[in-house]
Amino acid sequence: MAKINLNIKKSVFLPVYQPYITDYSYRYNVYWGGRGSGKTKFIIQKLLIKGLKEKRLILLMRKETNKLRDSVWKELLTVIEEFRLSRFFEINRTEFRVRCILNGTEFKCLGLDEPEKIKGFAEMSDAFLDEITAFTEDDVELIDGTLRSVDYKLPLQMYFAFNPISKANFVYKYFGFDTGTIPKDTFILHTTYLDNPFLDESYLARMENMKQRNYNRWKIEALGEFVSLDKLVFTNWRVEEFVTHNVPGELCIGLDFGFVNDISALVASIVDDENKRIYIFQEWGDTNKTNEELAKVISSLGFAKSSIIADAAEPKSIEEIKRKGINRIRACTKGPDSIVHGIQKLQQYEIIVNPKCEGIITEFENYSWQKDKKTNEYINKPIDSFNHFIDALRYSLQCINTKKLKSINKSALGL
């Protein structure tokens with residue numbers, strides 16, 4: 001058997017991973033965190049080096065077979081090329097398999113759509129489950145049970161990589177994140193995009209923009225944290241392109257007032273009351289706008305002659321805007337529990353949002369119910385945040401002549 005002399009520069013590995021290149025101390029190795037942190041690439045780099053030390057059978061896995069080509073398979077070929085080892089490997093692109101011609105080590109990329117697939121592999125030495133959150137606990141136990149052989153000198157190992165999605169996913173408890181107690185024979189390393197000095201400026205800018213648009217999503221995707229989003233008020237919505245003039249219904253426009261800290265927000269939609277659908281096609285929001293400036297904005301958007309329902313809390317603002325030529329603006333009707341009544345009315349519709357309306361999309365993604373501090377149960381009162389565009393939408397529905405909702409209960413609100 002030919003001897004392989006590796007001469008790989010340490011600089012090809014991200015600094016955060018360099019201490020672990022040839023550390024095989026643990027059977028279970030968990031690399032988790034944010035996107036762009038180089039987790040998947042490092043694990044494949046490490047397994048390639050391990051496979052060059054002795055003959056091994058190494059599986060690189062995704063739950064879905066159709067995601068292999070653009071994930072672990074692509075990364076494997078890239079690492080082989082970057083290590084300048086292509087001449088030492090036979091590559092079978094049909095079966096997603098590579099074999100080292102010097103020592104017989106094989107890498108096989110496998111999807112686990114059907115768990116029975118794993119039973120066809122005997123004497124497997126190592127397995128890498130990329131995006132482990134897509135697998136199940138039973139999948140992990142099944143694969144773990146296939147690692148067995150007395151012939152390997154280096155330890156049998158499993159590797160996992162994932163970006164957190166929810167504390168409800170099995171990995172949260174499986175790897176001890178719920179208690180902070182690391183399971184026996186397990187190594188865990190958390191990394192983020194900040195550990196990757198090779199990311200370009202556009203990627204860094206994207207992460208910073210996400211932080212401003214959707215803080216919770218940024219914590220999950222950028223920082224790689226488990227973030228339990230509170231129970232969302234609205235789940236009856238989706239983002240979808242549509243042609244406004246093809247949509248039947250009534251034009252409804254709502255306006256919520258703000259100034260320094262809160263935005264003034266306008267939302268325009270077409271309400272198809274017969275089919276219980278709302279099509280949101282236009283939004284506008286900004287701070288530090290006087291009533292005169294708001295009137296100009298409304299005119300510039302083409303709504304000067306349209307009926308507009310505005311926040312009743314500011315009758316002076318409504319009157320000043322009306323005197324600037326927006327004649328059909330009027331105050332919304334408020335009463336006891338008007339916020340929850342308005343929410344319940346919106347929940348009766350299917351809400352379709354044009355992709356350009358990013359403000360209200362962000363609010364739908366974050367507008368949540370409050371929890372009672374004593375009981376930890378959700379109550380029928382929303383958190384007063386991520387709600388400026390939603391308040392405007394709620395006001396706007398008063399353009400529709402529907403019966404007033406007379407009762408409110410938690411089951412009707414989805415609580």
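**Close-up views of the predicted model**

**View 1. Helix α8 has an exposed side and a buried side.** P315, K316 and R323 are exposed on one side of α8. The buried residues of this helix (residues 315–323) are S317, I318 and I321, on the other side. They cover an arc of only 100° around the axis, so they sit on the same side of α8. That arc is taken from the directions from the helix axis to the C-beta atoms. Buried means under 20% relative accessible area, exposed over 50%, and partly exposed in between (1.4 Å probe, protein chains only). Helices (H or I, at least four residues) and strands (E, at least two) are DSSP runs, numbered from the N terminus. The buried residues of α8 pack against β10 (250–256), α7 (291–300), β13 (308–310) and β14 (329–331). Contact means heavy atoms within 4.5 Å. Just after α8, G325 takes a positive phi of about 105°.

The model is predicted: local features need pLDDT of at least 70 and side-chain atom pairs count only at pLDDT 80 or more, while totals for chains, interfaces and linings use all residues. Residues are numbered from 1 along each chain as its sequence is written, and side-chain values use heavy atoms, with hydrogens and water left out.

**View 2. An open sheet of 7 strands contains a β11–β12 hairpin.** The strand order is β9-β15-β12-β11-β10-β13-β14, with mixed pairing. β9 (237–239) and β14 are the edge strands, and each pairs on one side only. Two strands pair if DSSP finds at least two bridges between them. Neighbouring strands of this sheet are turned by 30° against each other on average, direction ignored. β10 and β11 (residues 264–272) run antiparallel, joined by 7 bridges. Here I253 stands opposite A268 in β11. β11 and β12 also pair in the antiparallel sense, over 9 bridges. L266 stands opposite W284 in β12. The hairpin of β11 and β12 has 4 residues between the strands; K276 in the turn has a positive phi of about 55°. β12 is mostly covered, with 7 of its 10 residues buried. β12 runs parallel to β15, joined by 4 bridges. The bridge partner of R277 in β15 is E350.

**View 3. Helix α9 is mostly covered.** In α9 (residues 338–346), 8 of the 9 residues are buried. They are S338, V340, H341, G342, I343, Q344, K345 and L346. These buried residues pack against β12 (277–286), β15 (350–353), β16 (369–371), β17 (378–382) and α11 (388–396).

**View 4. Helices α10 and α11 cross.** α10 (residues 358–366) packs on α11 at an angle of about 100°, with the axes 8 Å apart. That makes α10 roughly perpendicular to α11. Angles of 65 to 115 degrees count as roughly perpendicular, under 35 as roughly parallel, over 145 as roughly antiparallel and the rest as oblique. Axes are lines fitted to C-alpha atoms, for helices over the stretch in contact; angles run from 0 to 180 degrees between N-to-C directions. G359, I360, E363 and F364 in α10 meet H388, F389, I390 and L393 in α11. The residues of this contact divide into 5 nonpolar, 2 polar and 1 charged. Ala, Val, Leu, Ile, Met, Phe, Trp, Tyr, Cys and Pro count as nonpolar; Asp, Glu, Lys and Arg as charged; the others, Gly among them, as polar.

**View 5. Helices α1 and α2 lie on an open sheet of 8 strands.** The order is β3-β4-β5-β2-β6-β7-β1-β8, with mixed pairing. β3 (89–92) and β8 are the edge strands, and each pairs on one side only. The twist averages 15° from one strand to the next. β2 (residues 57–62) and β5 (residues 106–111) run parallel, joined by 6 bridges. In β5, L110 is the bridge partner of M61. Helix α1 (residues 39–53) packs on the sheet and touches β1 (28–33), β2, β3, β4 (97–100), β5, β6 (126–130), β7 (157–162) and β8. The direction of α1 makes about 165° with that of β7. Helix α2 (residues 72–82) lies across β2, β3, β4, β5 and β6, at about 30° to β4.

**View 6. Two loop residues, T192 and N246.** T192 lies in the loop between β8 (186–191) and α5 (201–213). T192 is buried, with a relative accessible area of 9%. Leaving aside its neighbours within four places in sequence, T192 is in contact with G34, S37, A222 and L223. N246 lies in the loop between β9 and β10. N246 is exposed, with a relative accessible area of 55%. N246 and F42 are 204 residues apart in sequence and 51 Å apart in space, C-alpha to C-alpha.
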